[in-house]
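Take a walk through this structure with the sequence beside you. The route starts with empty space, moves to two helices, and ends in two loops.

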Amino acid sequence: MNSVKTYTLFTDHDVYLFKEGRHYKLYGKFGAHSVEKEGVKGVYFSVWAPNAKKVSVIGNFNNWNHKDHILFPRWDGSGIWEGFISGLTWGTLYKYAVETARGEILEKSDPYALSWEQNLQAASLVSTTWYEWSDDDWMEKRWKKNSLSAPLSVYELHLGSWIRQIDAPDKYLNYRDIAEKLVPYVKEMEFTHVEFMPIMEYPYDPSWGYQITGFYAATSRFGSPQDLMFLINELHKNDIGVILDWVPSHFPGDANGLHRFDGSYLYEHEDPKKGFHPDWKSYIFNYGRNEVKSFLISNAMFWLERYHADGLRVDAVTSMLHLDYSRNEGEWEPNIEGGNVNLEAKAFLQEFNTAVYKEFGNSIITIAEESSDFPMLTKPVHDGGVGFGMKWMMGWMHDTLDYFKEAPENRKYHHHKITFASVYMYNENYMMPLSHDEVVHGKASLIYKMPGDEWQKFANLRTLYVYMYSHPGAKLLFMGDEFAQTGEWNFTRSLDWHLLQYPVHKGMQILVKDLNHLYRSETAFYENQFDKSGFEWVEADDLGNSVYVYLRKGRKRDDVLMVVLNMIPQVLEYTIGVNAGTHWEVIFNSDDQKYGGSGVHADILNEKQEEWMKHPKSITIKLPPMAGIILRQKKDKKYKLQRIKQHKK
């Protein structure tokens, strides 16, 4: 006898929206939900499997027998199977036994499960996302913190390898233990946000989380959903935003996952030219299927709503948007317009951005990891754009690292790798990443990408950080780079925190902290970071000296900073053109001894009332070797008062 009772959480309108691709809160309907039927407590199950002959719930409550608890198919042709099983509670292990049209029995984990086991069986758990949040202050004001005119300095990290116990290096810390260490560290370093590499459930550690099977489950490697919520809550209480990596691009072919979920190509394209990813050996979502769009956009909503995420960084957008991505001729087919753009994926991303910004307004932000020159990614959907808040500036990252790898004497031949970004830096709203992808797979750590002896390597990296923090756009730095980790990132072990006992590594950490402070406190660095009025070249063409000079400007007329980068290991006396009535003071020098530098002072040697660099005046500065310095324009009123006092003396 079937032990399942009829029950539903779906209304006719829910089903209509689901089939139309416009139901964005499916996590309140699908999955396993603790409910009460006729005074009896139990669990309601629902799953989408339109091509299945039969779907039953199997678990530790029925010895994994697929004959005892058979769900009921809805009568409306939606493909939804559902039912109520009494007596089940939180912690119950379960899967769906899906009988296909060909008579196969597939044991599938729940696509909407909130928790998964950490073993080969990888069963789903009846769970909850109930949590008593205490981050109201953050949630009310976070629209200011996520504003495009606010400082956005992001610390990217992998929770499994940021830090581990010294006496148990092979074991993961719990989300709560991580919170105890991470929150004060990020606050001390003055990053504004953290970005977690995927924390959705995934089976294969070497994927770093990017091959997800449990899209609605916080990975149980580090604890329960509530443990993750505790971590996010603590970050919020300390004014630190949380961005989550989100992967709507593909999923692995694990037997218990989404692949051939009901025996058919349900979530993925049947055509391998659209449905199989040749690089990652994974399966690509069918963005043209309405139910799949509802699944994915609901998933984005889920993390933003239930986990209070402040943003989603969307992974692998380039692969989503291009039909020929990583494919040779003959391995892909043009779209109906004859081009290589995946029009269904573009429409999906537009719908995703429209939906989440409509729901949460500007209190959240979406970020595209996209390496091509696909147009208008951060422009509004109503203007033909894709609607993202920001885009990773991949071209800047690659050009910059290529430049810094060059020996100083060769840099004059590559001078415009640095200036080229200014040609396109306002085409989109850019975030400038130095991400995990640049310190793995034989690419070397950032410090070992730098040329020269130890002194030059550290001087180069300090200068690179000055350049990044002073360049228009938001910032992202991968964990370990802030103290110049020497080894490539290894996901199986902790960062090399012991390096901080050495002055050069400690100095690098202090430099990044001070740059974060400067970026957050100097409005000229962030008020106009996505506006052309915020940047001006003073000297972009001095190939012989490998020196760059530019201004960053805030909204007020006298809110101006000058950045000077000396890219060779020699002290220079350098003359710079300035405007009449402007006076300067050095506020930052990467060659300072506290940063591990040589301690050469960046002094303003003189000011002259003669034209230079097409400016009416000039100043001559002593430039430390291989260093970046930052000068602040003295406020007019303050300067005039000083001149009056000096005159009276």
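**Spaces inside and at the surface**

The largest cavity holds about 100 Å³ of space. It is lined by 13 residues, and the closest to its centre are Ile284, Ser319, His322, Leu323 and Arg327. Keep in mind that the model is predicted. Two helices, α5 (272-275) and α7 (317-321), each give at least two residues to the lining of this largest cavity. By class, that lining has 6 nonpolar, 4 polar and 3 charged residues.

How many cavities of 30 Å³ or more are there? The count comes to 4. The second largest cavity has about 50 Å³ of space. Its lining is made up of Val439, Ser445, Phe478, Met479, Gly480, Asp481, Gln485, Gly487, Trp489 and Leu495. Of these, 5 are nonpolar, 4 are polar and 1 is charged.

Rolling a probe the size of a water molecule over the atoms is what reveals such empty space.

Next comes the largest pocket, with about 570 Å³ of space. The pocket has 25 lining residues, and Trp208, Tyr210, Trp280, Asp315 and Asp437 are the closest to its centre. Two elements, α7 and α9 (394-405), give two or more residues to this lining. Helix α7 provides the largest share, 3 residues. The lining of the largest pocket divides into 9 nonpolar, 9 polar and 7 charged residues. So α7 is a helix to look at twice: it supplies at least two residues to the lining of the largest cavity, and it gives residues to the lining of the largest pocket.

**Two helices**

Now turn to helix α3, residues 175-189. Does its length match or miss what its residue count predicts? At 1.5 Å a residue, its 15 residues should span 21 Å, and the end C-alpha atoms are 20 Å apart, which agrees. The helix does bend, by about 30° at Lys181. A proline, Pro184, follows within four residues.

Which residues of α3 are buried? They are Tyr175, Ile178, Ala179, Leu182, Val183, Tyr185, Val186 and Met189. An α-helix has 3.6 residues a turn, so residues three or four places apart point the same way. The buried residues of α3 pack against three strands, β10 (153-157), β11 (193-196) and β13 (214-218), and against two helices, α4 (225-237) and α14 (503-521).

Follow that last contact to α14. Its 19 residues should span 27 Å at 1.5 Å a residue, and its end C-alpha atoms are 26 Å apart, which agrees. The buried residues here are His505, Gly507, Met508, Gln509, Leu511, Val512, Leu515, Asn516, Leu518 and Tyr519. What covers them includes the helices α3 and α13 (454-470). The cover also includes the strands β10, β22 (474-478), β27 (584-589) and β30 (627-633). Strand β10 packs against the buried residues of α3 and is also part of the cover of α14.

**Two loop residues**

Finish with two residues in loops. Ser546 is found in the loop between β23 (535-542) and β24 (547-553). Its phi is near 55°, a positive value in a residue other than glycine. Lys614 lies in the loop between β28 (604-608) and β29 (617-623). Phi of Lys614 is near 65°, also a positive value in a residue other than glycine.

Is each one buried or exposed? Ser546 has a relative accessible area of 2%, so it is buried. Lys614 has a relative accessible area of 80%, so it is exposed.

How values were computed
Residues numbered from 1 in each chain as written. Predicted model: local features only at pLDDT ≥ 70, side-chain atom pairs only at ≥ 80, totals over all residues. Heavy atoms only, no water. 1 Å grid on protein atoms, 1.4 Å probe; cavity = no way out; pocket = protein on both sides within 12 Å on 5 of 7 lines; lining within 4 Å. Points joined across faces, edges and corners; volume = space filled by probe spheres on them. Nonpolar A, V, L, I, M, F, W, Y, C, P; charged D, E, K, R; others polar. Expected span 1.5 Å × (residues − 1). Bend = angle between axes of the 7 residues up to and from the residue. Buried < 20%, exposed > 50% of the residue type's maximum accessible area, 1.4 Å probe, protein only. Contact = heavy atoms within 4.5 Å.
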